[in-house]
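Please open the model in your viewer and keep the sequence beside it, since this tour moves from one selection to the next. At each stop, select what is named, look at it, and then read on.

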Amino acid sequence: MRCRVEAAAVLRTPDVAAEQVTQLLFDEPVTVTGEHDGWALIETAYGYPGWVEREVLDDGAGSLPPRSGGDPLEVARSEEHTSELQSH
């Protein structure tokens, strides 16, 4: 399965008021591990579990953006640190 919308909230429980744990981006692949009342329990390609509304998913393999080098979290932290240093 894949995300068929620009961005979709991945929630801790199948409730629109639940805490958002991450988000899916367009065409991001997911594995559906369960369903309940219009919600899909998923695992992202990065291993994060959570619930999304079933209507944001579509059949297909999806794809991930090309890696820019290194671990995505480490790259983000590095960019935040660099911009923080430049602003002082």
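Which residue in β5 is the bridge partner of V30? Select V30 and look across to β5, where T44 is the bridge partner.

Before going further, a word on what is on the screen: this is a predicted model, in which local features need pLDDT of at least 70 and side-chain atom pairs count only at pLDDT 80 or more, while totals for chains, interfaces and linings use all residues. Residues are numbered from 1 along each chain as its sequence is written, and side-chain values use heavy atoms, with hydrogens and water left out.

**The whole chain**

Show the protein chain as a cartoon, and you can find one helix and seven strands, where helices (H or I, at least four residues) and strands (E, at least two) are DSSP runs numbered from the N terminus. Followed along the sequence, these elements come in the pattern β-β-β-β-β-β-β-α. If you then colour by burial, 23% of the 88 residues count as buried, with buried meaning under 20% relative accessible area, exposed over 50%, and partly exposed in between (1.4 Å probe, protein chains only). Switching to a surface view, the chain exposes about 6,100 Å², of which carbon and sulfur atoms supply 50%; accessible areas come from the Shrake-Rupley method with a 1.4 Å probe, and for residues only the protein chains shown count as cover.

**Two hairpins that share β5**

Select residues 30-36 and 39-44, which are strands β4 and β5, and see that they pair in the antiparallel sense over six bridges; two strands pair if DSSP finds at least two bridges between them. Besides the pair you met at the start, V32 has I42 in β5 as its bridge partner. The hairpin formed by β4 and β5 has two residues between the strands, and D37 in the turn has a positive phi of about 50 degrees.

Now add β6 to the selection: β5 and β6 run antiparallel and are joined by five bridges, and E43 stands opposite P49 in β6. These strands also form a hairpin, with four residues between them and with G47 in the turn at a positive phi of about 90 degrees.

**The nonpolar core**

Next, show the side chains of C3, A8, V10, L24, V30, A40, I42, V52, V56 and L57, the 10 residues of the largest nonpolar core. The elements giving two or more residues to this core are β2 (7-11) and β5. A nonpolar core here is a set of buried Ala, Val, Leu, Ile, Met, Phe, Trp, Tyr and Cys residues joined through side-chain atoms within 4.5 Å. As a general background, in soluble globular proteins nonpolar side chains tend to be buried together.

Keep V56 selected and ask for its contacts, where contact means heavy atoms within 4.5 Å: leaving aside neighbours within four places in sequence, V56 is in contact with R2, C3, R4, V5 and A8.

**Residues in loops and at the end of β6**

Move to D27, in the loop between β3 (20-25) and β4. Is D27 buried or exposed? D27 counts as buried, because its relative accessible area is 18%, and, apart from neighbours within four places in sequence, D27 is in contact with R2, C3, G62 and S63.

Select R12, which lies in the loop between β2 and β3. Not counting residues up to four places away in sequence, R12 touches A18, E19, V21 and W51.

E53, in strand β6, is partly exposed because its relative accessibility is 36%. Beyond neighbours within four places in sequence, the contacts of E53 are V16, G38 and W39.

Then go to E55, in the loop between β6 and β7 (57-58), which is exposed because its relative accessible area is 54%. Draw a distance from its C-alpha atom to that of G38, and you should find 7.6 Å between residues that are 17 apart along the chain.

**Last stop**

Finish with Y46, in the loop between β5 and β6 (49-53), which counts as partly exposed because its relative accessible area is 47%.
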